[in-house]
Amino acid sequence: MATADEIAEHARLADIRQRWWLSAPALIIIFFAAIGPLAIVLLYSFMVKGDYGDVKYWQFSLDAWTNVLLERDIFDETLSIADAHLVILWRSVWLSFLTTVATLLLGFPTAFFISTRSEHRRDLWLFLITIPFWTNILIRTFAMQEVVRNEGIVNSVLMALGVINSPVQIMFTDWAVLFGMIYVYLPLMVLPIYASMEKLDFRMVEAGYDLYATRLGVLRRIIIPLVKPGIIAGSILVFIPALGAYVIPRVLGGGKSMMLGNLIELQFGQGRNWPLGAALSITLMVIVTIALLAYVRNAMRSGASHGH
Amino acid sequence: MGSDSAAIDVRGVSRIFKGAGQDEVRALDNVSVAIRQNEFFTLLGPSGCGKTTLLRLIAGFDFPTEGEIRLYGEDIAALPPYKRPVNTVFQNYALFPHMTVAQNIGFGLEMLGKLKEEIAARVAEMLALVRMSELKDRRTSQISGGQQQRVALARALAPRPKVLLLDEPLSALDFKLRKDMQIELKRLQHETGITFIFVTHDQEEALTMSDRIAVMNKGRILQVGSPQDIYVRPSERFVANFIGDTNFLKARAVGAKGGKVKLDLSSGGSLSADLPPEGLSVGEVTVVVRPENASISEIKGSDFAGNVENIVYFGTDTHVHLKLADGLPFIVRQQNSAGSTAAVKIGDKVGVSVVPGTAKVIRD
Amino acid sequence: MAIRARRSFSIKTQPGFTTIAMACFFLLYLPIATLVVYAFNSGESVAVWQGFSLRWFQSAWQNSLVQEAAWRSFLVAGFAAALATICATMAAIATTRTVNYPGLTFKYAFINQPLMVPEIVTAVALLIFFSRIKVWTGYTGIGYLVLAHTAFCIPFAYLPIRARLENMDLTLERAAADLYAPPWQAFRRVTLPLLTPGIIAGFMLAFVISLDDVVITEFVKSPGQETLPTYMLGQLRRVVTPEINAISAAFLALSLLLVTAFFFLNRKKS
């Protein structure tokens, strides 16, 4: 007869096997419709572009990767920095950064406001933040368009007040894209900060005031350090999708204020340069991964310093 | 050792948890105990002593690393919990929140494939037994803690288990309710005639309810006996210390006669004490004296003497804290019946008399 | 002597914070409100108010392209959410309430992967992959959309189900086993009923996420396979009439309904 120890070990292995079977459908679907294709993208970035889109199979070249940052002159074949790509890359990073800062400046006080309401009211305010969050991104972008168009609210109000005589062009500028991204990603900043702030023990704030701290002192020395995990989480949750934004710059920026996502799409559409599109996709993913890793390291460090 | 007539016979059971690297935690270390039919048996010990691990092994939620567990002679160590005729009352009750009181109580019978009428009859019987008939259609979240406790009991008793396991079931209740439930549990055990194995860290609870108690520490059973046995004749320092208040004295044996031993205390003075069953070791020994078996007296004619360090009033009695000449503390408990209290003050040097036959020599 | 009103010191305020918060709420709702208001405009313009009318709702309702796109959206979202919820439930059971076993971390990473990769990258990856398969198999149906949507819905459905499982008291299943329930019965009679709110929440989350998707759908769809969002994206390039506002308003109402239900479902739990 088997010993009790062997029975326990057998049960453990059977349990692990069963757990693999149970997770198999999810893993297979994600492999075929999310992770696997990424490997193909990597492969495509090293192939020669086809004449009418797609690639020439198994003809390898590094052209796509050199084209990410450099361009070959069509006449004398010399290489120079691809200004257009660099501008778009820089705009993606810069606008994403500005969006993160702006949503933080707006979102932090909002999260503070919600978490200081009475328990009953808090749910209602939170609900009000959640609604735009769940509204289709296209609808929200379209709504923003209504605001910043030449005939939109901003221009109408400014003209009615006599501040300006003719409409200010906001649509199809970086400003429109920035406003759109702030508007769309604001809830993504508020929610994680609120989640941290909700756990904040306000007796610590009381203790701060008791020990002669000013309002600014309490904010700077007590509240912000304690909700830092939420601030970092919110920043990353805004920065990463902003980097890969596609719908917002397409609608509000048009061809004039493109971001990386639109540049990628262009290669698969009119550009007919799939390898370049693939290389740009990998570039975007690498930037996002770096941001994510920085976040994970930071989160682990702050987690360790808080002792849990 | 156990026989086949025992309800539960634990033989040489160890449970070793593998820690990081080469570390091993012996949650149970070669434990043997036989629990008789129809008795109220208590596993008593501090948290981490292995009492809950032993209970989980009997219930089947865990398997022993070594040894066997027999239920009426049959080895059940490898049976899964749903094949063991043993039921548990969980510490947090573990009532199913999506079922009513009656559905909870009927669950075990339903799983055993009993007929509907039979289940209904048994559920009604159990509801009456725990006095919960009016609340049978309530959700378990809509009843009080004490009522949840009774439902948990009824649910575990309904399938007529051969042994009922109770994992600190009273620890979540407040003091008054706990007292009531102690009596209720005792009544249920008497009425159902089922063997109860009760786990607790509360020595008072163990003393008031049990037929027999096993005192555990660090994965071992130190002493098994009736409450009186364990209180009056603790086998070693840990048991004496864990159950009730105790004074420990250092002494040297100077002569034995008829199960009694004459001792010279290291604080000066002398005492006559019972010998431990296994005989006496050479050299210094430890003697225990319960505070209620000592009294303050004149130094002349007393057993030994000490200085009064503190006097603490408790209502029914007063504790006089003494320091003996060898530096050991000693507490005397005085009953506060009118006028009986000897008038002592802090700083007084007083004598202590021990009721003859109450001092015991123990293993250290 | 003048009596001065003394305001008590509140620890729960910071100068200007309430103003900023109010401004945020105002700014969040102003564009949506405008959009909804102009859906009821009787004129052709989305800028000049010409009186109340429901004509744009009517015209959207009667637009066969809108009807078709809406139907396709629901079809894809329904199938994808159902599949994703089933997969996520199984995966959640497989990855919670256990000691760490070989492959557990890998599973977490794998399941959450769609959240980590920018949507546009997944979109082009699927475009490349599926365009090949379309050539090989000749099948160009709605299956690609369902598969793609299922993949990115799994991590969303997984979230509330896993949370629910992790908060569930393990002793309840132990109690069931103690009361003679074999593993399958314990799962069916105890675990599953207690898990149901999480599964419903997971399904609704997945449904909304699928319904809202623009980017991946835009790249994966075969010609003529418009969903409501891709149809709207196409329309935005043209001259915009309040019909788009009307579609948006209806869409918004639906999202609102689902979010409200989700919100109350989750609140009841705690």
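Is the crossing of α3(A) and α7(A) left-handed or right-handed? It's right-handed, and the views below start there. This is a predicted model, where local features need pLDDT of at least 70, side-chain atom pairs count only at pLDDT 80 or more, and totals for chains, interfaces and linings use all residues. Residues are numbered from 1 along each chain as its sequence is written, with chains lettered from A and ligands numbered from 1 in the order in which they are written.

**View 1. Helices α3(A) and α7(A) packed together.** Helix α3 (residues 83–115) and helix α7 (residues 174–198), both of chain A, have axes 6 Å apart at an angle of about 45°. So α3(A) counts as oblique to α7(A) (angles under 35 degrees are roughly parallel, over 145 roughly antiparallel, 65 to 115 roughly perpendicular, the rest oblique). Axes are lines fitted to C-alpha atoms, for helices over the stretch in contact, with angles from 0 to 180 degrees between N-to-C directions. Helices are DSSP runs of H or I, at least four residues, and strands are runs of E, at least two, numbered from the N terminus.

**View 2. An open sheet in chain B.** Five strands line up as β15-β19-β16-β17-β18, with antiparallel pairing (a pair needs at least two DSSP bridges). The edges are β15 (294–297) and β18 (329–335) of chain B, each pairing on one side only.

**View 3. Strands β17(B) and β18(B).** Seven bridges tie β17 (residues 317–324) of chain B to β18(B), running antiparallel. Look for B:Val320 opposite B:Val332 in β18(B).

Conventions. Left-handed = near helix turned anticlockwise from the far one by under 90°.
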